[in-house]
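Dear colleague,

I am passing on the structure we spoke about, together with some notes on what turned up when I went through it. Please read the notes with the model open beside you.

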Amino acid sequence: MQKYIIPYSLLLVALLAIVRLFFPSFEYIGERNAAGNPHGEGVAFWHTGVKTPDMMLYDGIYKGSWNDGKREGEGEFLCHGNWYKGEWRNDDLRKGNCVIRNVEAFVGGNATLWKSLNEQFLTAKTADYEGFFFTLLPDGIGKIVCGSYAYDGQWSFGKRSGFGKENNAELALFENGEKKDVNIITDKRIYGTDLSHYQPIVHWDRMYVAVDSSYTYNDTISKQIGVIPISFVFLKATEGKEYVDAEYAKHCDWAERFGIPHGAYHFFNQRYATLQEQISNFTTNVQVKKGDLPPVLDIEQFGVSTDSLLMWCDAVEKHFGVKPIVYANEKIAAIHVDRSELKDNILWHARYGRTPTRSFHIHQYSENGKSPAVDLHEIDLDTLGSGMTVEKLLVR
């Protein structure tokens with residue numbers, strides 16, 4: 001019987017191909033730090049010899065800023081014929097634009113979007129996307145234009161997911177690339193929520209609540225008439241002397257990615273913390289910029305000095321140039337808010353199941369809300385008072 005022997009040369013070629021696939025060659029020309037890693041401005045070249053549609057392994061050229069071996073700052077990247085340009089963080093493109101010359105590689109496994117774009121792309125020969133990215137796929141808010149086709153809205157891992165418009169049509173809700181048959185209500189009530197480490201997993205492309213005919217949140221399916229988007233979110237940032245919420249930075253980033261106005265709150269905790277320590281904790285760990293919600297003082301403990309609350313608000317207002325919002329329930333508000341200068345701040349009152357008895361700008365009316373955005377936990381639900389809009393709240 002004749003034996004077939006694979007030549008060593010073929011085995012070597014196969015081995016080199018495998019090594020090259022999982023360990024791409026890397027060449028770099030530019031500035032380096034003391035450890036020899038790319039740092040500063042430079043150009044890098046990768047080569048695997050293998051084209052992969054998911055773009056986790058790729059041929060590519062990057063020109064721009066580096067930080068200790070990772071792409072960080074402004075830079076341009078050519079990969080699979082697509083040209084990316086924008087802001088890089090921790091070796092990944094966060095926000096920018098892409099000139100698309102290979103739609104199939106750009107959309108990955110998004111068959112429905114590929115079908116929408118394919119005919120247009122064959123005519124136009126190119127497409128353009130501007131917005132947020134994650135692993136080089138649209139993720140967050142972004143707009144793609146290809147010939148006569150356009151989609152402007154939210155994305156998740158390269159698929160249209162969340163609220164968006166196709167060709168300037170009515171606002172629609174997409175899930176996993178598919179348009180859902182659901183009634184979207186945007187002009188009857190404004191909903192918001194607040195998040196902390198108790199909600200570590202958030203599906204930002206599903207930020208909405210189901211409502212009944214009174215436009216009130218209702219989780220009884222038979223009574224639901226549609227959904228209302230969650231239009232603002234407050235995020236726990238700090239508490240007391242030195243506590244910083246573990247999810248704060250991540251929640252801030254993703255709220256910004258998905259175009260949801262957000263702001264930070266400080267849980268005032270006088271136990272084992274001086275007033276100055278609490279002020280320092282918040283102002284050191286929080287940034288407030290144009291378009292954000294104002295900072296919030298969260299008062300939930302009795303026995304707090306009203307003067308210390310006033311001093312916290314004054315110091316935070318001087319630091320950020322924005323008057324803080326004051327959050328309290330009915331009983332605490334009666335002690336600290338109604339009879340002090342705090343009543344001049346924007347007031348966020350908690351009273352579950354009923355309207356607050358005092359004036360308010362924001363009403364936290366439930367702590368047992370449900371939303372597809374946080375499918376593992378209940379969430380707080382807030383609505384805005386009469387005449388109040390999200391735009392009026394935003395920092396200018």
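To begin with a single side chain, Glu166 has a relative accessibility of 18%, and because buried means under 20%, it counts as buried. Please keep in mind that this is a predicted model. The side chain of Glu166 meets that of Arg160 in a salt bridge, with 2.7 Å from N to O, and Arg160 also counts as buried, at 3% relative accessibility.

A second pair of this kind is made by Arg358 and Glu330, whose closest N and O atoms are 3.2 Å apart. This pair links distant parts of the chain, since Arg358 lies in the loop between β20 and β21 (362-371) while Glu330 belongs to helix α7, 28 residues apart. Arg358 and Glu330 are both buried.

A third salt bridge joins the side chains of Arg94 and Glu87, at 3.6 Å from N to O. Here the two partners are covered to unlike degrees: Arg94 is buried, with a relative accessible area of 3%, whereas Glu87 is partly exposed, with 22%. Arg94 and Glu87 also belong to a network of salt bridges that links them with Arg89, Asp253, Glu256 and Arg257. The count of salt bridges in the model comes to 18.

Two members of that network, Asp253 and Arg257, are among the buried residues of helix α4, which spans residues 248-257 and is mostly covered, with seven of its 10 residues buried. The other buried residues there are Tyr248, His251, Cys252, Trp254 and Ala255. Just after α4, Gly259 takes a positive phi of about 70°.

His251 of this helix also leads to the interior, as it is one of the residues touched by Leu195. Beyond its sequence neighbours up to four places away, Leu195 has contacts that include Val202, Trp204, Met207, Val233, Phe234, Leu235, Tyr265, Val374 and Ile379, and Lys236 is touched as well. Leu195 is, with Trp204, Met207, Phe282 and Trp312, among the residues with the most contacts inside the largest nonpolar core, which has 47 residues. Helix α6 (residues 306-320) gives the most to this core, contributing six residues. There is also a second, separate core of 29 residues, and Ala44, Phe106, Phe121 and Leu136 are among its members.

Turning to the strands, you will find an open sheet of 12 strands, running in order from β1 through to β12, with antiparallel pairing. At its edges stand β1 (25-32) and β12 (178-179), each of which has a single partner strand, so one side of each is left without a neighbour in the sheet. The partner of β1 is strand β2 (residues 38-47), to which it is joined by seven bridges in an antiparallel arrangement, and Gly30 has Gly42 in β2 as its bridge partner.

Further along the sheet, strand β7 (residues 127-134) is joined by six bridges to strand β6 (residues 92-100), the two running antiparallel, and Asn97 stands opposite Glu130 of β7. Six bridges likewise join β7 to strand β8 (residues 137-146), again antiparallel, with Tyr129 standing opposite Ile144 of β8. β7 and β8 form a hairpin that has two residues between the strands, and Thr135 in the turn has a positive phi of about 50°.

On the surface, Ile29, Phe45, Ile61 and Leu78 make up a nonpolar patch of about 330 Å². Leu78 lies in strand β4 (residues 70-79), and at 37% relative accessibility it counts as partly exposed.

Finally, you may like to look at Asn345, which lies in the loop between α7 (330-336) and β20 (347-350). Asn345 is buried, with a relative accessible area of 6%. Leaving aside residues up to four places away in sequence, Asn345 touches Cys313, Lys323, Pro324, Val326 and His361. As for the last of these, the C-alpha atoms of Asn345 and His361 are separated by 9.6 Å, the two residues being 16 apart along the chain.

With best wishes

Conventions:
Residues are numbered from 1 along each chain as its sequence is written. This is a predicted model: local features need pLDDT of at least 70, side-chain atom pairs count only at pLDDT 80 or more; totals for chains, interfaces and linings use all residues. Side-chain values use heavy atoms; hydrogens and water are left out. A nonpolar core is a set of buried Ala, Val, Leu, Ile, Met, Phe, Trp, Tyr and Cys residues joined through side-chain atoms within 4.5 Å. Buried means under 20% relative accessible area, exposed over 50%, partly exposed in between (1.4 Å probe, protein chains only). Helices (H or I, at least four residues) and strands (E, at least two) are DSSP runs, numbered from the N terminus. Contact means heavy atoms within 4.5 Å. Patches are made of residues with over 30% relative accessible area and no salt bridge: like charges are joined within 9 Å, nonpolar side chains (Val, Leu, Ile, Met, Phe, Trp, Tyr) within 5 Å. Accessible areas come from the Shrake-Rupley method with a 1.4 Å probe; for residues, only the protein chains shown count as cover. A salt bridge is a side-chain nitrogen of Lys or Arg within 4 Å of a carboxyl oxygen of Asp or Glu. Two strands pair if DSSP finds at least two bridges between them.
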